[in-house]
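Me: I am learning to read a protein model together with its ligand, and I would like to work through it slowly. Please take my questions one at a time.

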Amino acid sequence: MDFNQIINREGTNALKLDFRERLFGTNDVLPLWVADMDFPAPDEVVDAIRKRAEHPLYGYTTRDDTFYQAIVKWLKEQHKWEVSSDWVEYMPGVVPTLIMAVLAFTEPGDKVVIQPPVYPPFFEVIKDHKRMIAENPLLNTPDGYLMDFEHLDKVTSDKKVKMMILCHPHNPVGRVWTKEELEKVGEICLKNNVLIISDEIHADLAFEDNRHIPVAMVSPGLADNTITCMAPSKTFNIAGLNTSYIVASNPKLLRVMRRQLQSFHLFTGNMFGAEALKAAYNEGRPWLRALLDYLEGNIDYVLDFLNANMPEIKVHRPEATYLMWLDFSEWGMPSEKLKNFIIEKARLGLNYGPTFGAQGEGFMRLNVASPGKIIEEAMDHLLRARNFIR
Ligand SMILES: Cc1ncc(COP(=O)(O)O)c(C=O)c1O
């Protein structure tokens, strides 16, 4: 668990590195964008993959009960969420799951609610399939981001609105929604007949003071109206294995999603992903604890550094995840200029704010899941670049 170790990812087809030229027009930027980590997966996960790889038959595989039991146990121990293995189904990734849900539960022309600024594919999974986006923008307050319940009620009372994709914890603003907030969302969605698809991929990355409560745990009514999407991919840095799952206690919802999985012929899945999930969930807890401590250290470093040197860059402390949503608006640059400035002068590869919605104007997203030395270097780059403004 040496998170300080700098591991060379060149030559591994890592998206984070190999897409730099395409995204930033140069390879000469520190890649701190896409949400994966520059840390090796837990040894237990690597060993499980290695063990399976040693058996030289890589034909179609399925998952046996041990896969589902690992999930049930994890949800109980990690989130105090008691689920039956009958409520769980394998899925080949969270974004594909969102698309399957949109296609299954809405018709072209229907509306789906999202709360920008939000993870960019949320826009695509709706628009690309000829559904319409209904925005309920988050409110950026001095105390952090909040949901606008009054506006949500107004938006969802439109009969065309059939679904809400909730991001919990929220990427990029790092909120872990509280029980009270989830109750309000649930009440509004139930009242207006809006199905909740809750993307909880970042659930395990909630920091100690911010317990993650799965939305389906809040009440039986909410459980009945929710499909929860989860995965070990962010938690254990195994996104390249394309293995996730859904939890739905409502048998009708689960049946429809199982049919989608069949109809897209995606049910066999990735054998290494299944082995990795089991090892991660059965043996990965000490690694995760150490990871969260390390991430909090990096977050503290960035917050302290900005506070001491560039207090005009505003950021709310994330309650979960290794993503920091930096507000550069006091630099007074239009977004496009800010983007080029960060690339050319700071030589940083960050996510461009407006891809998270119009509310991302003047913002950039920083991924701090890298060895501390890299994060220090990134802050150094930023401070040196800032001198060009004066
Ligand atoms: C909120 C959210 N959902 C989904 C994903 C991606 O999920 P997957 O790789 O399983 O499609 C990400 C990755 O950053 C994410 O932040």
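Me: Which backbone lies 2.7 Å from an oxygen atom of the ligand?
Reply: This is a predicted model, in which local features need pLDDT of at least 70 and side-chain atom pairs count only at pLDDT 80 or more, while totals for chains, interfaces and linings use all residues. Residues are numbered from 1 along each chain as its sequence is written, and side-chain values use heavy atoms, with hydrogens and water left out. A polar contact with the ligand is a pair of N or O atoms within 3.5 Å; the backbone N or O atom that lies 2.7 Å from a ligand oxygen belongs to Val-94.

Me: How much of the ligand does the protein bury?
Reply: Two side chains also take part, for a polar atom of Asn-171 lies 2.8 Å from an oxygen atom of the ligand, and a polar side-chain atom of Lys-234 lies 2.8 Å from a ligand oxygen. Taken alone, the ligand exposes 400 Å² (accessible area by the Shrake-Rupley method with a 1.4 Å probe), and of that the protein buries 88%.

Me: Which helix gives the largest share of the shell around the ligand?
Reply: The residues around the ligand, meaning those with a heavy atom within 4 Å of it, include Ala-35, Tyr-119 and His-202. Helices are DSSP runs of H or I with at least four residues, strands are E runs of at least two, and both are numbered from the N terminus. The largest share of the shell, 3 residues, comes from residues 94-105, which form helix H5.

Me: What radius of gyration does the protein chain have?
Reply: The chain comes to 14 helices and 14 strands. The globule rule, 2.2 Å times the number of residues to the power 0.38, is compared with a radius taken over C-alpha atoms. For 390 residues the rule gives 21 Å and the chain comes close to it, so it is as compact as a globular protein of that length, with a radius of gyration of 21 Å.

Me: Which residue does a cis peptide bond join to Pro-116?
Reply: Most peptide bonds are trans. Here, however, the bond from Asn-171 to Pro-172 is cis, with omega near 20°, and Pro-172 is found in the loop between strand E7 (161-167) and helix H8 (179-191). Another cis bond, with omega about 5°, joins Pro-116 to its partner, which lies in the loop between strand E3 (111-114) and helix H6 (121-127) and is Pro-117.

Technical notes: A polar contact is a pair of N or O atoms within 3.5 Å; within protein, one must be able to donate a hydrogen and the other to accept it, and residues adjacent in sequence count only if both atoms are side-chain atoms.
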